[in-house]
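Subject: The structure I promised you

Hi,

Here is the structure we talked about, so open it up and keep it on your screen while you read. My notes on it follow below.

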Amino acid sequence: MAPVMALKERSAIWPWRDGVPPHLPRPRTMPRAFLLPGDPARVDRAAEVLDDFRIVGQNREYRMGCGNWQGTLIGVCSTGIGGASTEIAMVELAAMGVDVTIRTGGMGALAADLSLGDFLIADEAVRNSGVASFYAGPGERVRAATSVVDALEEARKALGLPGRTGKPATADGYYRAQGRPDRPDGAGNPSLLDTLAAKGADGVEMEAEVVLAAGAALGLKAGAVLAVHAHRLSDGWLEDYEKTQRDLLSIGARAAATVLATGPV
């Protein structure tokens, strides 16, 4: 039986009201580019990078703010942890007219040539996320937009920050899904990481493949810059993450402004 749309204020199929999505805040002036950290608390750090930064609002895990990078309006919206909440952010941002989305987050490195504090510019995602499979078919490669990759790498180099381009794998969980034990005395599953590395993964995280796959399906220019805040080979952990977070936002903002300035998205 088909739903009766006329009797409802909004539809269960598309539950927006007056142009406002059911999850994300909506700024009065919508930026064309958004940076996407996972943690809502990291949105406020954009005030250290963007001029005239202001918080728009927060609903659930989605905290949003806007500011200017050398005259270009840039939005920052947290996605929460994992693919499911990231998919919501991507769809609702696209429907509000956003053209460029860049994940700015952390990862656990799997590559020996990456060190704590380095930055990986994602040029492609190793297929691993169930959420991303709704936006990219089996066997389909999930790639970042070339213009975003180039702009992110240019920004990283201009800021004098270490790193390279490469391929993250996106896990749908944090513990078993990333080979970690699910109790303090557990052994974990290191072979899972070996399998991801054998597929070409330079690191593992929880959102990038969804950003790239949904971005491509929705017609956005999407990319990701990931800081090595853990190293799964050496079991290292980056305790002082503040400068790295600021640098992530600087790379992302500079790159977003460059992509918007190069012409129609």
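Let's start from the outside: the accessible surface of the protein chain comes to about 12,100 Å², and 50% of that belongs to carbon and sulfur atoms. Please keep in mind that this is a predicted model.

**The whole chain**

How many helices and strands are there in the protein chain? You should find 5 helices and 13 strands. Along the principal axes, the C-alpha atoms fill a box of roughly 55 × 50 × 35 Å. A compact globule of 265 residues would have a radius of gyration near 18 Å, and the protein chain agrees with that, because its own value is 18 Å. As for the inside, 52% of the 265 residues count as buried. Now take the contacts between residues at least 6 apart in sequence: 74% of them join residues at least 24 apart.

**A hairpin to look at**

Next, find strand 2 (residues 51–59) and strand 3. The two run antiparallel and are joined by 6 bridges. If you want a landmark, G57 stands opposite M64 in strand 3. The hairpin has 2 residues between its strands, and R60 takes a positive phi there, near 55 degrees.

While you're in this area, have a look at N68, which lies in strand 3 (residues 62–69). Which residues does N68 contact, leaving aside its neighbours within four places in sequence? They are L50, D51, D52 and L73. You can also check a distance here: the C-alpha atoms of N68 and R54 are separated by 10.0 Å, and these two residues are 14 apart along the chain.

**Two helices**

Helix 4 (residues 208–217) is largely enclosed by the rest of the structure, because 8 of its 10 residues are buried. The buried ones are A208, E209, V210, V211, L212, A213, A214 and G215. Just after helix 4 comes G219, with a positive phi of about 80 degrees.

Then jump to helix 5 (residues 242–261), where you'll find Q245. Is Q245 buried or exposed? Buried means under 20% relative accessible area, and Q245 counts as buried because its relative accessibility is 4%. Not counting residues up to four places away in sequence, Q245 touches R42 and R45.

**Salt bridges**

A bit of background first: side chains of opposite charge can pair when their charged atoms come close. The structure holds 17 salt bridges, and I picked out a few for you.

One of them is between R103 and E205, whose closest N and O atoms are 2.7 Å apart. This pair links distant parts of the chain, with R103 in strand 5 (residues 100–109) and E205 in strand 11 (residues 203–205), 102 residues apart. R103 is buried, with a relative accessible area of 4%. E205 counts as buried too, at 3% relative accessibility.

Another salt bridge joins D202 and R164, and here the closest N and O atoms are 2.9 Å apart. D202 sits in the loop between helix 3 and strand 11, while R164 is in strand 9 (residues 163–166), so the pair ties together parts that are 38 residues apart in sequence. D202 counts as buried at 12% relative accessibility, whereas R164 counts as partly exposed at 22%.

R183 and D185 also form a salt bridge, with 3.4 Å between the closest N and O atoms. D185 is exposed, with a relative accessible area of 65%. Finally, R45, E48, E242 and R246 are joined into one network by salt bridges that share partners. You've met R45 already, as a residue that Q245 touches.

**Back to the surface**

One last stop. Which residues make a nonpolar surface patch of about 350 Å²? Y174, Y175 and W237 do. To find Y175, go to the loop between strand 10 (168–170) and helix 3 (190–198).

That's the tour. Click through it at your own pace, and shout if anything is unclear.

Cheers

Methods:
Residues are numbered from 1 along each chain as its sequence is written. This is a predicted model: local features need pLDDT of at least 70, side-chain atom pairs count only at pLDDT 80 or more; totals for chains, interfaces and linings use all residues. Side-chain values use heavy atoms; hydrogens and water are left out. Helices (H or I, at least four residues) and strands (E, at least two) are DSSP runs, numbered from the N terminus. Contact means heavy atoms within 4.5 Å. Patches are made of residues with over 30% relative accessible area and no salt bridge: like charges are joined within 9 Å, nonpolar side chains (Val, Leu, Ile, Met, Phe, Trp, Tyr) within 5 Å. Accessible areas come from the Shrake-Rupley method with a 1.4 Å probe; for residues, only the protein chains shown count as cover. A salt bridge is a side-chain nitrogen of Lys or Arg within 4 Å of a carboxyl oxygen of Asp or Glu. Buried means under 20% relative accessible area, exposed over 50%, partly exposed in between (1.4 Å probe, protein chains only). Two strands pair if DSSP finds at least two bridges between them. The radius of gyration is taken over C-alpha atoms; the globule rule is 2.2 Å times the number of residues to the power 0.38.
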